[in-house]
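Could you walk me through this structure? I'd like to see how the labels follow from the numbers.

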Amino acid sequence: MAGILDSFSLNGKVAWVTGASYGLGMAYAMALAEAGATVVFNSSNAERVQKAISEYKAAGFDIYGAVCDVTKEDEVASFVADVEKRFGTINILINNAGIIKRIPMTEMTLAEWEDVINVDLTGPFICSKAVIPAMIKAGGGKIINACSMMSEFGRETVSAYASAKGGLKMLTRNICSEYGRYNIQCNGIGPGYIDTPQTAPLRQRGADGSMNPFDRFIRSKTPARRWGHTDDLKGLAVFLASNSSDFVNGQIIYIDGGISAYIGQDPSNIED
Ligand code: NAP
Ligand code: GCO
């Protein structure tokens with residue numbers, strides 16, 4: 001009889017992680033590969049794709065990557081056709097690719113707003129639409145969307161990002177609603193504040209070496225008084241990609257060190 005750990009195995013599965021040339025996407029790709037999946041990834045830049053392929057290889061993973069901008073429907077269609085030809089049906093999609101522009105809303109141009117919405121919300125629409133028909137034919141599949149604290153909360157300067165991530169929460173629920181009958185589970189991962197290139201500016205120290213005020217703020221809002229690390233999210237990615245989550249659908253699972261449950265403490269208590 002198969003043991004409980006077998007339900008977390010991804011052996012025989014093909015997984016696509018979008019935007020996995022660095023950051024959280026790279027962690028998800030390595031986790032799914034370690035769990036047995038054949039993993040493929042894309043990013044918008046040829047140099048960073050090649051660099052990532054070498055990094056995966058150095059870490060012991062043979063992971064296929066190619067340039068594909070998630071906002072370009074034709075590039076996504078070609079990428080999916082290429083992957084299906086090489087490896088077969090894509091069973092797991094992690095819509096991870098994302099950007100942020102931290103600009104006060106009234107100073108944000110329409111082009112800047114549209115850039116963020118296109119990558120963070122329209123991209124997951126395009127990529128999910130590209131894989132769902134084959135998932136239905138295969139008897140089911142897994143779609144995991146990169147949601148955020150900003151799927152629930154706002155803050156200054158992130159209007160486009162928060163709007164996209166709030167929309168992504170509802171796209172997650174809608175894919176669940178529309179395709180759950182075909183054994184497709186669509187859930188969201190909601191990371192808190194994680195130390196990646198995307199959040200590096202929020203931790204950058206002052207010229208005098210002083211702690212970034214936002215860094216101190218986030219530590220005061222997190223019960224563990226630390227930022228998350230990409231390794232903290234690997235287990236949840238494997239869980240949502242595996243058969244162990246076959247009856248979990250339309251959920252956003254927050255992995256935030258407790259930020260969303262905690263009123264926070266006086267930032268002056270946070271030591272450097
Ligand atoms: P990151 O370090 O900025 O990495 C973003 C990844 O997306 C890169 O691989 C980037 O590669 C790729 N990408 C950007 N635009 C793309 C496009 N148009 N087409 C294809 N790939 C594209 O971000 P991260 O911190 O790892 O975050 C990953 C995801 O988790 C994002 O959706 C983010 O919103 C979300 N998230 C992050 C945090 C956090 O605290 N870090 C928390 C919650 C949610 P190229 O630049 O080479 O294209
Ligand atoms: C910001 C951060 C956040 C994180 C993440 C939090 O500027 O507030 O970039 O948005 O990226 O989304 O969950």
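Here are a few questions and answers on the ligand and the cysteines.

This is a predicted model, where local features need pLDDT of at least 70, side-chain atom pairs count only at pLDDT 80 or more, and totals for chains, interfaces and linings use all residues. Residues are numbered from 1 along each chain as its sequence is written, chains are lettered from A and ligands numbered from 1 in the order in which they are written, and side-chain values use heavy atoms, with hydrogens and water left out.

Q: What makes the approach of Tyr 161 to ligand 2 a polar contact?
A: A polar contact is a pair of N or O atoms within 3.5 Å. A side-chain N or O atom of Tyr 161 is 2.7 Å from an oxygen atom of ligand 2, so the pair fits the rule. Tyr 193 also has a polar side-chain atom 2.8 Å from a ligand 2 oxygen, while Gly 192 uses a backbone N or O atom at 3.0 Å.

Q: How do you know that Cys 147 has no disulfide to Cys 186?
A: A disulfide needs two cysteine sulfur atoms within 2.5 Å. The sulfur of Cys 147 is 8.4 Å from its closest cysteine sulfur, the one in Cys 186, so that is too far for a bond. For Cys 176 the closest is also in Cys 186, at 7.5 Å, again too far. The count comes to zero disulfides.

Q: Why is Cys 176 called buried?
A: Buried means under 20% relative accessible area (over 50% is exposed, in between partly exposed; 1.4 Å probe, protein chains only). Cys 176 has 18%, so it counts as buried. Cys 147, at 4%, is buried too.

Terms used
A polar contact is a pair of N or O atoms within 3.5 Å; within protein, one must be able to donate a hydrogen and the other to accept it, and residues adjacent in sequence count only if both atoms are side-chain atoms.
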